[in-house]
Amino acid sequence: MALGQLTNQIVLMFVLMLVGVLINKLGFMQAQTSNDLTNILLYIVSPCLIIGAFEQHYSASRMQQLMLVCVGTFIFYIIEIFISKIAFGRISNINLRRITQYGSIYSNAGFMGVPLTSALFGNSGVFFAVASLAGFNIFSWTHGVSLFKTGKKTTDRWQNFREIILNPNIVAIFVGLLFFVASFQLPGPANEVVKYISSINTPLSMIIIGNSLGNIKINRQLVDWHLWLALFFRNVLFPMIAIMVLQLLTISGVALYTTVLMAACPAAGLVVLFTLQAYGDTSPAVALMSLSTILSLVTIPLVFALMKI
C-alpha cells in the first residue's frame, strides 16, 4: 500500500471531520440528533457494511488468514492490557487510572477504523477488519468495563455478556461468516439496498466524530503527563506491537495492513461513556480522545512508515 494514498485518505477523513465540527458550531446538530445518527450507524449502516464484505465465494486461504488475524488480535490485546496495567495501575487517582488504561488499549476501531479500511481496501479490507472489531467488542465489554466497575456484583457479568452477543456488529459478523462459508449472496434488490446503506458509513462516521470534537474544551491542567504517555501507547507503541505480533504469525498483504490500521486508530469514544457511567470526571477522557484523534493525522502514516523500514 502506498503511504501517500494512506495519507491522502486520512486527510480526506479529517476534512469530513471538519465538516462535522462546522455543523456543530453552526448549531445544526443537537445532542439528540447526534445520538440518533450514532444509533443508525451502529445498528444499521455498520452491520450492512460487514455483511456486504462477506458476500463472496468461500476461500480456505482467506479463512485461514482471518483465523490468524483473530489469534494475533487476541495476543496483542493481552500484551496491551499487561503493559497498561504496569504503566498506569498504580495511579492514585482512580478516575485517571481507569481512563489511561482503557484509553491506551482500545482504539476507535468501529467509527474510524472500519471507514478508513473500507475507503482504502474495499470489501477485502472490511473482511479482515471484522476480526479487530470482534476483538474490540469482546475485550472492551469484559476487561474494559471491569476497569470502571470494580466491586460490582457478578450480575453485571451477564449484562456484559449480553452486550457482546447482542452487539449489532457481532451479530453481523456471525451472519456474514455464514454467508461466506455458504458462498451465499443476497438477492439483487436486497443486495443493492445493503450497498446503498453501506456507502454512507464513511461520511456519516466522520461527521459524527467531528461533531463530538466540536464540543471539546481542553484545559492545560487536564493534560497530565499520564495522558501523554497513554497517547503515546495508543497512537504509536501499541500499533507497533501489533505489527510485530502479526508479522510473527506470517500475516501479510491486506490482512496485515487492515489489522495494523485498526490498531493504529485513536482512543475509543467509549472511554467518555464509561467514565460517565462510573460518575467520574470526563474531562481527562475527552482530552485523551480528542488529542488522540487529532494526532492520528500524523501518527497513522508514521506507524505505516515505520512498518516499511
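**Helix contacts, aromatic pairs and selected residues**

Leu229 is found in helix 10 of this predicted model, and with a relative accessible area of 25% Leu229 is partly exposed. When residues up to four places away in sequence are not counted, Leu229 touches Ala87 and Phe88. Val145, by contrast, is separated from Leu229 by 84 residues in sequence and by 21 Å in space, taken from C-alpha to C-alpha.

Two of the helix contacts involve helix 5, which spans residues 109-148. The axes of helix 4 (residues 94-105) and helix 5 come within 10 Å and cross at roughly 170°, and the two helices are therefore roughly antiparallel to each other. On the side of helix 4 the contact is made by Arg98, Ile99, Gln101, Tyr102 and Ile105, which meet Phe136, Ser140, His143, Gly144, Leu147 and Phe148 in helix 5. By character, the residues of this contact between helix 4 and helix 5 comprise 6 nonpolar, 4 polar and 1 charged.

Helix 2, formed by residues 31-53, also has an axis that comes within 10 Å of that of helix 5, with a crossing angle of roughly 85°. Because angles of 65 to 115 degrees count as roughly perpendicular, helix 2 and helix 5 are described as roughly perpendicular to each other. Here Thr38, Leu41, Leu42, Leu49, Ile50, Gly52 and Ala53 in helix 2 meet a set of helix 5 residues consisting of Phe111, Val114, Ser118, Asn123, Val126, Phe127, Val130 and Leu133. The residues of the contact of helix 2 with helix 5 divide into 11 nonpolar and 4 polar, with no charged residue.

Ala53, which lies in helix 2, offers a closer view of this contact. At 1% relative accessibility Ala53 counts as buried, and, leaving aside residues up to four places away in sequence, Ala53 touches Asn123, Val126 and Phe127. The C-alpha atoms of Ala53 and Val130 are 9.5 Å apart in space, although the two residues are 77 residues apart in sequence. Phe127 also takes part in an arrangement with a charged residue, as Arg62 lies over the face of the Phe127 ring, at 4.5 Å from the ring centre.

Aromatic pairs form a further group of contacts, and the structure holds 21 of them. One of these pairs joins Phe76 and Tyr77, whose rings are 6.0 Å apart from centre to centre with 35° between the planes, an arrangement classed as tilted. Both partners are buried, with Phe76 at 4% relative accessibility and Tyr77 at a relative accessible area of 5%. A further pair is formed by Phe121 and Tyr257, and this pair is stacked because the ring centres are 6.4 Å apart and the planes lie at 10°. Since Phe121 lies in helix 5 and Tyr257 in helix 11, the pair ties together parts that are 136 residues apart in sequence. Phe121 counts as buried, at 17% relative accessibility. Ring pairs also link Phe74, Phe76, Tyr77, Tyr102, Tyr106, Phe136, Phe139, Trp141, Phe148 and Phe274 into a cluster. Of the members of this cluster, Tyr102 in helix 4 and Phe136 and Phe148 in helix 5 are also among the residues of the contact between those two helices.

Several residues in loops were also examined. Cys265 has its place in the loop between helix 11 (253-263) and helix 12 (270-277), where Cys265 is buried with a relative accessible area of 0%. Not counting residues up to four places away in sequence, Cys265 touches Ser107, Asn108, Met112, Gly113, Arg234 and Ile300. Cys265 and Met112 are 153 residues apart along the chain, yet their C-alpha atoms are separated by 6.8 Å.

Most residues other than glycine have a negative phi. Ser183, in the loop between helix 7 (168-181) and helix 8 (188-198), has a positive phi of about 50° although it is not a glycine. Thr250, which lies in the loop between helix 10 (225-248) and helix 11, likewise has a positive phi, near 60°. With regard to accessibility, Ser183 counts as partly exposed at 31%, whereas Thr250 is exposed, with a relative accessible area of 60%.

Key:
Residues are numbered from 1 along each chain as its sequence is written. This is a predicted model: local features need pLDDT of at least 70, side-chain atom pairs count only at pLDDT 80 or more; totals for chains, interfaces and linings use all residues. Side-chain values use heavy atoms; hydrogens and water are left out. Axes are lines fitted to C-alpha atoms, for helices over the stretch in contact, and angles run from 0 to 180 degrees between N-to-C directions. Helices (H or I, at least four residues) and strands (E, at least two) are DSSP runs, numbered from the N terminus. Angles under 35 degrees count as roughly parallel, over 145 as roughly antiparallel, 65 to 115 as roughly perpendicular and the rest as oblique. Contact means heavy atoms within 4.5 Å. Ala, Val, Leu, Ile, Met, Phe, Trp, Tyr, Cys and Pro count as nonpolar, Asp, Glu, Lys and Arg as charged, and the others, Gly among them, as polar. Buried means under 20% relative accessible area, exposed over 50%, partly exposed in between (1.4 Å probe, protein chains only). Rings of Phe, Tyr and Trp (its six-membered ring) pair if their centres lie within 6.5 Å; planes under 30 degrees apart count as stacked, over 60 as edge-to-face and the rest as tilted. A charge sits over a ring if NZ of Lys or CZ of Arg is within 6 Å of the ring centre and within 35 degrees of the ring normal.
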